[in-house]
Every structure is written in structure tokens, then in C-alpha cells.
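Here are a few exercises to work through with the model open beside you. Try each task before you read its solution.

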Amino acid sequence: MKKLLYLFLAVSFIFTACKKEQGCTDAIATNYNADAEEDDGSCAFSITGGSWITQSIEQSGNMTVSMMGIPIIDSVINYTETNADSLEPYKLTFEDDNTYTEHDQLNTEVESGTWSISGDVLTVNTPDTTLSLTLNTLNKDNLSMTINIIESGTEDGITFDINIDQKVNANRQW
């Protein structure tokens, strides 16, 4: 009986001593574990590091415009733009000091400001407005964020109502 107990303990010790530590093995991740020998898929990434190059902008929603009560435009919008010349923002770089810069296709700086993240909401403070975007996806290589644009008003007898979701899909460039 003692031999069986010793054999059981020895086998248990061998299996527990050989177990590899799991964790995030990607050194770029915010939760990198230098002791991990096996990646467990738990890596988390920051919006900082490299630059985000917009690949597409998806727009969906509706817009109505009327003049003196007569409808001029009553449209449902469902459109995806992939032409690099038409993508704005084209390139975004978020820094660790909570500043950002936007560049055009020629790598000319277009705008800069500050940013912050709370949960899945990215707040971007541009020189003339504050934007709140929902982060749909944020991983090592891909960023997807959505902003809801709601505007209505009257100007020179023309009344307009806009309700559009704009989704920016970008890839990280290191």
C-alpha cells in the first residue's frame, strides 16, 4: 500500500512540476507576462503604439431635408468607403501622454489634440469639438470604432435632421 501511495505522489509531482505557466506572451501587450511559456489568448492591447491607418469607413442611418415644409431629401444611408483618398481620418497616432495627431495620405499633420479612454468609450478632444467613440474592436493589429452623428436644425428656411452611425476600421502600422 505504501508503494502505491509513493508511486501516486511521484507521478503527481512529475505532472505538476512539468506544467507550463500560461499567460500573455506578446511583449507589446499591456498585460505581458515574461514568465509565461504558453500563450493563453488573454493579451490586451492599448490604442497607443504605432499608427492606425484607416481601411474603411462604414456609414448607416438616415437624413431628411425639407424647405418650407416640402421634403427635398428623405434618404436612408448605407455606404462603405474604401478609397484611401476619401478616408478621413486617414492616419491616427495616439501617444502615451494622451495626445493624438491626425495625418493625411501625404503624412502631413492635419490636426492634434488630446484623448482618454473610459471602458469602451474613446473621447477625442479636437481643437474645435469633443468626440465620443465606442471601441468595437481593439487588438494588436485592428481597431474598429463607431460614432453616432445626430444633428438637426433650420437655416435659411431649410430644415435638416441627420442620424448617422459612422464606423472607422483601421489597421495598426508599426
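Strands (E, at least two residues) and helices (H or I, at least four residues) are DSSP runs numbered from the N terminus, and two strands pair if DSSP finds at least two bridges between them. The model is predicted, so to speak a computed guess: local features need pLDDT of at least 70, side-chain atom pairs count only at pLDDT 80 or more, and totals for chains, interfaces and linings use all residues. Residues are numbered from 1 along each chain as its sequence is written, and side-chain values use heavy atoms, with hydrogens and water left out.

**Exercise 1.** Work out how S9 and S10 are connected and paired.

*Solution.* Start with the ranges: S9 covers residues 130-138 and S10 covers residues 142-155. Next, check the link, which is a hairpin through three residues. Then look at the pairing: four bridges, antiparallel. For a spot check, find Thr-137, which sits opposite Ser-144 in S10.

**Exercise 2.** Now do likewise for S10 and S11.

*Solution.* S11 spans residues 158-173, and 14 bridges tie it to S10 in the antiparallel sense. One pair to locate is Asn-142 with its bridge partner Asn-171 in S11. The hairpin here has two residues between the strands, and Asp-156 in the turn shows a positive phi of about 55 degrees.

**Exercise 3.** Put these strands into the context of the whole chain.

*Solution.* Count the elements: one helix and eleven strands. Read from the N terminus, the order is α-β-β-β-β-β-β-β-β-β-β-β. Finally, burial (under 20% relative accessible area, 1.4 Å probe, protein chains only): 27% of the 174 residues qualify.

How values were computed
Buried means under 20% relative accessible area, exposed over 50%, partly exposed in between (1.4 Å probe, protein chains only).
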